[in-house]
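Here are my notes after a pass through this one. Have the viewer open while you read, and tell me if anything looks off.

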Amino acid sequence: SFFVLLRKFTFEQCFFLTGTPPFSVFLCSFPALLQRGRRMGIMFGISGAKEPAYRILRSFPRYEVRQYEPYVVASVRSGGDSNGDFGVLAGYIGVFGTPKNVQRQSISMTAPVLMTAPQKIAMTAPVISGDGFMSFVLPADYKIASQAPIPTDGRVFLREVPSKIVGVYKFSGWYTSDVGVRNANVLLNWLKADALVPPGATLDSVSWTSAQYHPPFTLPFFRRNEVWIDLGTQAQIQPYSFAMFQAEHPQW
């Protein structure tokens, strides 16, 4: 026949029909069209996902300093397979079907997905690397970890992240671990230049995290990525305007 049924997504009542271009056909029910519309928005960087609450303490020309309110995360120790780690956490909140938690309770997906870099821990001998983590930020309804559904997968654990201050650098494009390290070093150099971290600080001596706000199918130039470098938990950094910064740094 002229049209060939390629695939049927029964859970969305969608049919992909194709023929000789430009006579390709895509048929969907109205609810499924709404769902597809949301996915198209995500492709162009419009996610609508909720984020942990924060306020901006300082805005610099190339980065900003934020203070985050406490939040709860579901984490898995990073084994070097980011897709596998993501799948474990996605199973916990119910992305693939029945949620893998004791209550079988679906949990809304929020943003960003956090990757905490391994930290070197100084000991007498040798110097070892601590584990990195991939984390999903849980909805703000969960104020403490004990309020969140209990994971049934032993690899998933819940933890509370206290209020903290971070330096943040935003960038677009595909994210890889090398891209994260490169941009974290860029941010670290700016923080050192502005005396927000010690002059001898390195990525091994600070706590830094990558934050990804979009799924892999979002177009690269619409993707929002960030690197965060922890600056402490005390509100030592006073609100600071760009005009004040320009007055202190006229060369910028």
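1. Start at L187. Leaving aside residues up to four places away in sequence, L187 touches Y63, G167, V168, Y169, V227 and I229. Keep in mind that this is a predicted model, so every contact here is computed from predicted coordinates.

2. Where does L187 sit in the bigger picture? Together with W208, L187 has the most contacts inside the largest nonpolar core, which has 23 residues. β12, α3 and β14 are the elements that give two or more residues to this core, and α3 supplies the largest share, six residues. Burial of this kind is no surprise: nonpolar side chains tend to be buried together in soluble globular proteins. There is also a second, separate core of 17 residues, with A74, M134, Y142 and A148 among its members.

3. Now α3 itself. The helix runs over residues 177-193, and at 1.5 Å a residue its 17 residues should span 24 Å; the end C-alpha atoms are 24 Å apart, so the geometry agrees. Buried in α3 are V179, G180, N183, A184, L187, L188, W190 and L191. These cover an arc of only 165° around the axis, which means they lie on the same side of α3. The spacing fits the textbook picture: an α-helix has 3.6 residues a turn, so residues three or four places apart point the same way.

4. What covers that buried side, and what is on the other one? The cover over the buried residues of α3 includes β12 (164-171), β13 (208-212) and β14 (225-232). On the face turned away from the buried side you'll find the exposed residues D178 and A193. Just past the helix, have a look at A195, which follows α3 and has a positive phi, near 60°.

5. Next, the aromatics: the structure holds 10 aromatic pairs. Take Y63 and W190, whose ring centres are 6.2 Å apart with the planes at 10°, so this pair counts as stacked. It ties together distant parts of the chain, since Y63 is in the loop between β4 (54-59) and β5 (64-68) while W190 is in helix α3, 127 residues apart. Both Y63 and W190 are buried. For contrast, try Y68 and Y71, an edge-to-face pair at 6.3 Å centre to centre and 70° between the planes; both of these are buried too.

6. The Y63 and W190 rings also have company: F60, Y63, Y169, F171 and W190 form one aromatic cluster. Y63 and Y169 from that cluster are also among the residues touched by L187.

7. Two charge-over-ring arrangements are worth a click. The charged end of R66 sits over the Y54 ring, 4.5 Å from its centre. In the other, R159 lies over the face of F133, at 5.0 Å from the ring centre.

8. Last, α2 (residues 82-93). At 1.5 Å a residue, its 12 residues should span 16 Å, and the end C-alpha atoms are 17 Å apart, so this helix agrees as well. The buried residues here are D85, V88, L89, A90, G91, Y92 and I93. They pack against β6 (71-77), β10 (133-137) and β11 (156-161). After α2 comes G94, with a positive phi near 95°.

Terms used: Residues are numbered from 1 along each chain as its sequence is written. This is a predicted model: local features need pLDDT of at least 70, side-chain atom pairs count only at pLDDT 80 or more; totals for chains, interfaces and linings use all residues. Side-chain values use heavy atoms; hydrogens and water are left out. Helices (H or I, at least four residues) and strands (E, at least two) are DSSP runs, numbered from the N terminus. The expected span of a helix is 1.5 Å times one less than its number of residues. Buried means under 20% relative accessible area, exposed over 50%, partly exposed in between (1.4 Å probe, protein chains only). The arc is that of the directions from the helix axis to the C-beta atoms. Contact means heavy atoms within 4.5 Å. Rings of Phe, Tyr and Trp (its six-membered ring) pair if their centres lie within 6.5 Å; planes under 30 degrees apart count as stacked, over 60 as edge-to-face and the rest as tilted. A charge sits over a ring if NZ of Lys or CZ of Arg is within 6 Å of the ring centre and within 35 degrees of the ring normal. A nonpolar core is a set of buried Ala, Val, Leu, Ile, Met, Phe, Trp, Tyr and Cys residues joined through side-chain atoms within 4.5 Å.
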